[in-house]
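Open the model in your viewer and keep the selection box handy. We will go from stop to stop, and at each one I will tell you what to select and what you should find there.

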Amino acid sequence: MKFKPAIKPYTGAAGGWGSLEATTRYVIDSKQAFKNIRNLLRVNKSKGFDCPGCAWGDDNTSTFSFCENGAKAVSWEATRKGVDEAFFAQRSVSKLYGQSDYFLEYQGRLTRPLRYNAQTDRYVPVSWQDAFALIAQHLRGLDHPGQLELYTSGRASNEASYLYQLFGRMFGTNNFPDCSNMCHEASGSGLKQSIGVGKGTIHLDDFEHADAIFVFGQNPGTNHPRMLHSLRHAADRGASIVTFNTLRERGLERFADPQNPLELLTPKSGRISSRYFQPNLGGDMAAVRGMVKALLETHRRQLAENLPGLFDDAFIQAHTQGVDDYLAAVDATSWQHIIRQSGLDERQLREAAEIYRHAQRVICTWAMGVTQHKHSVATVREIVNLQLLFGQLGKPGAGLCPVRGHSNVQGNRTMGIDEKPSGAMLDSLAAHFGFTPPRAPGHSTVEALEAMLRGEIRVLIALGGNLAAAAPDTARTEQAIRRCALTVHIATKLNRSHLITGADALILPTLGRTERDMQATGSQYVTVEDSFSMVHASEGVNPPISALQRSETAIVAGIADAVLGRDKLDWPRLAGDYNLIRDHIAATLPGFTDFNRRCEQPGGFYLGNAAAELRFNTPDGKARFSAAVLPATLFPQIDGQAVPFTLQTLRSHDQYNTTIYGMDDRYRGVYGQRDVVFVNAEDLAALGLADGDRVDIETLWHDGVSRKVSGFKAISYDIPRGNLAAYYPETNPLVPLSSFGDGTHTPTSKSVPVRLVRSPVTADARII
Ligand SMILES: Nc1nc2c(c(=O)[nH]1)N[C@H]1C(S)=C(S)[C@@H](COP(=O)(O)OP(=O)(O)OC[C@H]3O[C@@H](n4cnc5c(=O)[nH]c(N)nc54)[C@H](O)[C@@H]3O)O[C@H]1N2
Ligand SMILES: Nc1nc2c(c(=O)[nH]1)N[C@H]1C(S)=C(S)[C@@H](COP(=O)(O)OP(=O)(O)OC[C@H]3O[C@@H](n4cnc5c(=O)[nH]c(N)nc54)[C@H](O)[C@@H]3O)O[C@H]1N2
Ligand SMILES: [Mo]
């Protein structure tokens, strides 16, 4: 496949015609246009399937509620193309390894179970029974259960995840690395420490009541397009939208609603952000601290003048703990430090603070720009500090909103996919199922890879995802996975992880969320949880393209049955009737009482959030201010040198994580290519480089390992000096495995210390 590279700045609004055109192109391309359009109509309605795109919530009022990127996700899965035996017979695994991620997934759906044959270096057909037996044989041969890693990606349903964690714990391990470890871990961890619950506190309709919405480190135009509707409506009724983003993202500037015919017929489009600040990568904690410093000055001045202070003292008194220590930390942080680290000047931070304090109700949202740094937990907690000072919890139109990634990543955690499970959950499983769950914490994703590198892990089972491509430090990650005796991937489409095999390897083809799931007792639905803790049913409608594909739930039950037998649980019976699984969930997890009946409710049901009701599950029942010290510098000198650039690795408009739908990044004006790096024009000039020159990007890290990607096209872009951006997963080789967040092990994908050098690679377009 060849793509014609071009750079053409995008001048339109996000959404609008461009979005609908692109949607239609994807729908038509997937070779079953009619069915796909019908599917789109069903997305996010009470009957039909949940959009596998992102974890944004649904308002259940729109009849055509979908977005361009949701449409891509649906039609990508609903393709009639399948990879058959002949495909694998003709291609060795080493040969396939040389293909791009785009090529691999573009081949279509996996249609039958496959086993790797190391002699011929090919995947060959295997029966389901033999596949399960092979897994059982490996697992029975382990020295101890901790030699198993059970990876999960956030598309898995609640039912499949619940069975999966139960299987793992009955087998004896808490090794549940998951995509969340690389994603919103810092949100969960920071929120839990501050407010006692690791989830956002707001409902979707709070956006209709907020006076100001602060959006930190997030690109909703591409990654949560339905959020633009909420932002746009809020902006239209006069709410202030204040954005902190290192890049100028088109979707945060202007948005035309593709579901509003008037806006498609006229050039009308709505402004989103009232103020747009571009901090340095990793500069958000400093920025928020600067806002609080400004607010604290005003607060004290007013008090000195016998005027009411700014802070909500009644709220602080009644519901929080630690304010004095926090304000002392703010006093101890100098403006100079704040300005240097945030990259914003005092006037900008004072302006943001003024907008904040004049709003009665404020929502703060954030995503990967906040969570993928070393000091991400402290940054999340700093955002909470600001909200606590003003009592912005427990009332409509206000609160905290980490915008989740994968469509059911939040549900996975609720179901117990957690390497550090709470004692209460384990107690509940132990009592209900009559077994002794392991109490020792298991491995997060980075810890799992480290353990594999040390040769401590024998078997990796992955419930979806693309671990090899999604994880950092590609060379070390691949080396780690290859050390396993058995790798098992439960997947919809071929991807790079399937080509990084252990000595034995299996690919188990699964049904996607769009597909009808027939089991012994008839057609089944599953459930998922969105970013707003709404749980709802999702029922596939498409006939599967192969009779040999199985549902995730059935595959997990099949593995458990082969490994553990039926002494404790009749796994096949559970796989035959998901209502029975939901009964177990109801009996063991808080908030799911009467689960099956509540699934009938259109739009689903709310799981509840104690912090949103001002009940804080912290040791003293109060929300806790964090008095963290602002890091002295974001990058200490490495090997005696100052780090010239910080690189963030991010998503283009045409990808879903490691799934590459196409080579364009429309809103950033990039077409037909992905090997680009966005650089400030003055930085380019200082390096003696011209716009479009090819560069190598080299990581500066203190372990002596060389990490480099070559021949990237440097593009002059609106980004603060010293900051760079390039696409993931291509730049994952640059992220050191040992560079992760404090207290989270989340790879620092948004702050990689690098240098740029002119590249010897000059070819203009590489063949994809
Ligand atoms: N279409 C589509 N939808 C998706 C996904 C997808 O790949 N494609 N992925 C899903 C998943 S798993 C996730 S986690 C979410 C990801 O959603 P996002 O977090 O929006 O994803 P990224 O592309 O990583 O974008 C990070 C954004 O934060 C900004 N940023 C980076 N670092 C900083 C910083 O230090 N400070 C500030 N203020 N800004 C910063 C970047 O410029 C960019 O706009 O989207 C989900 N939805
Ligand atoms: N450098 C860098 N690295 C990052 C990030 C970054 O911003 N920068 N972001 C991180 C983030 S936020 C995340 S969430 C992770 C994502 O990590 P993962 O979740 O592991 O990766 P995905 O690309 O979402 O997984 C795609 C694969 O999932 C399979 N799949 C799709 N649908 C289904 C399904 O319904 N069932 C099953 N069983 N399989 C399915 C397909 O085979 C597909 O190839 O990557 C992380 N890695
Ligand atoms: Mo994510």
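What percentage of the chain is helix and what percentage is strand over residues 645-752, and how far apart are the end C-alpha atoms? Before you check, keep in mind that this is a predicted model. Now select residues 645-752: the chain there is 6% helix and 34% strand, and the C-alpha atoms at its two ends lie 8 Å apart. An unreviewed UniProt entry annotates this stretch as "domain: Molybdopterin dinucleotide-binding".

**Stop 1: strand 32 and its partners**

Stay in this region and select residues 723-727, which form strand 32. Five of the five residues in this strand are buried. Show the side chains and look at both faces: N723, A725 and Y727 are on one side, L724 and A726 are on the other, and all are buried. That pattern is easy to read, because side chains in a regular strand alternate between the two faces of the sheet.

Next, add residues 645-650, which make up strand 25. Strand 25 runs parallel to strand 32, and five bridges join the two. To find one pairing, look for T646, which stands opposite N723. Then add strand 29, residues 676-679, which pairs with strand 32 in the antiparallel sense over two bridges. Here V677 has A726 as its bridge partner.

**Stop 2: a cis peptide bond**

Move on to Y728 and P729. The peptide bond from Y728 to P729 is cis, with omega near 5 degrees. P729 sits in the loop between strand 32 and strand 33, the latter covering 752-758.

For a jump across the model, draw a C-alpha to C-alpha distance from Y728 to G522: the two are 41 Å apart in space and 206 residues apart in sequence. G522 belongs to strand 20, residues 522-523. Is G522 buried or exposed? Its relative accessible area is 17%, and the cut-off for buried is under 20%, so G522 counts as buried.

**Stop 3: strand 8, between two parallel partners**

Select residues 212-216 for strand 8, where five of five residues are buried. A212, F214 and F216 point one way, while I213 and V215 point the other way. Strand 8 pairs in the parallel sense with strand 9, residues 240-244, over five bridges. Strand 14, residues 362-366, also runs parallel to strand 8 and is joined to it by five bridges. V215 is a handy residue to center on: its bridge partner in strand 9 is T243, and its bridge partner in strand 14 is T365.

**Stop 4: helix 17**

Select residues 346-358 and turn helix 17 so that you look down its axis. Q348, L349, A352, A353, I355 and Y356 are buried. The buried residues fall within an arc of 160 degrees, so they line one face of the helix. On the other side, R347 and H358 are exposed. Now check the length: at 1.5 Å a residue, the 13 residues should span 18 Å, and the end C-alpha atoms are indeed 18 Å apart.

**Stop 5: the two ligands**

Select ligand 1 and the 31 residues around it; N245, E249, G282, D284 and N657 come nearest. A polar backbone atom of N223 is 2.8 Å from a nitrogen atom of the ligand. Side-chain N or O atoms also approach oxygen atoms of ligand 1, at 2.8 Å for H373 and 2.8 Å for K750.

Then switch to ligand 2. Which residues are closest to ligand 2? Among the 31 that surround it, they are E105, Y151, E552, T658 and N732. Look also at S153, where a polar side-chain atom lies 2.7 Å from a ligand oxygen atom. A nitrogen atom of ligand 2 is 3.0 Å from a polar backbone atom of I490, and a nitrogen atom of the ligand is 3.2 Å from a side-chain N or O atom of T492.

**Stop 6: two positive phi angles**

Finish with two loop residues. N306, in the loop between helix 13 and helix 14, has a positive phi of about 60 degrees although it is not a glycine. N306 is exposed, with a relative accessible area of 72%. S533 lies in the loop between strand 21 and strand 22, and its phi is near 60 degrees. At 1% relative accessibility, S533 is buried.

Methods:
Residues numbered from 1 in each chain as written. Chains lettered and ligands numbered in written order. Predicted model: local features only at pLDDT ≥ 70, side-chain atom pairs only at ≥ 80, totals over all residues. Heavy atoms only, no water. Buried < 20%, exposed > 50% of the residue type's maximum accessible area, 1.4 Å probe, protein only. Helix = DSSP H or I, 4+ residues; strand = E, 2+ residues; numbered from the N terminus. Pairing = 2+ DSSP bridges. UniProt positions renumbered as here; feature names shortened; annotations may be inferred. Expected span 1.5 Å × (residues − 1). Arc of directions from axis to C-beta. Near = heavy atom within 4 Å. Polar contact = N/O pair within 3.5 Å; in protein donor to acceptor, adjacent residues only side chain to side chain.
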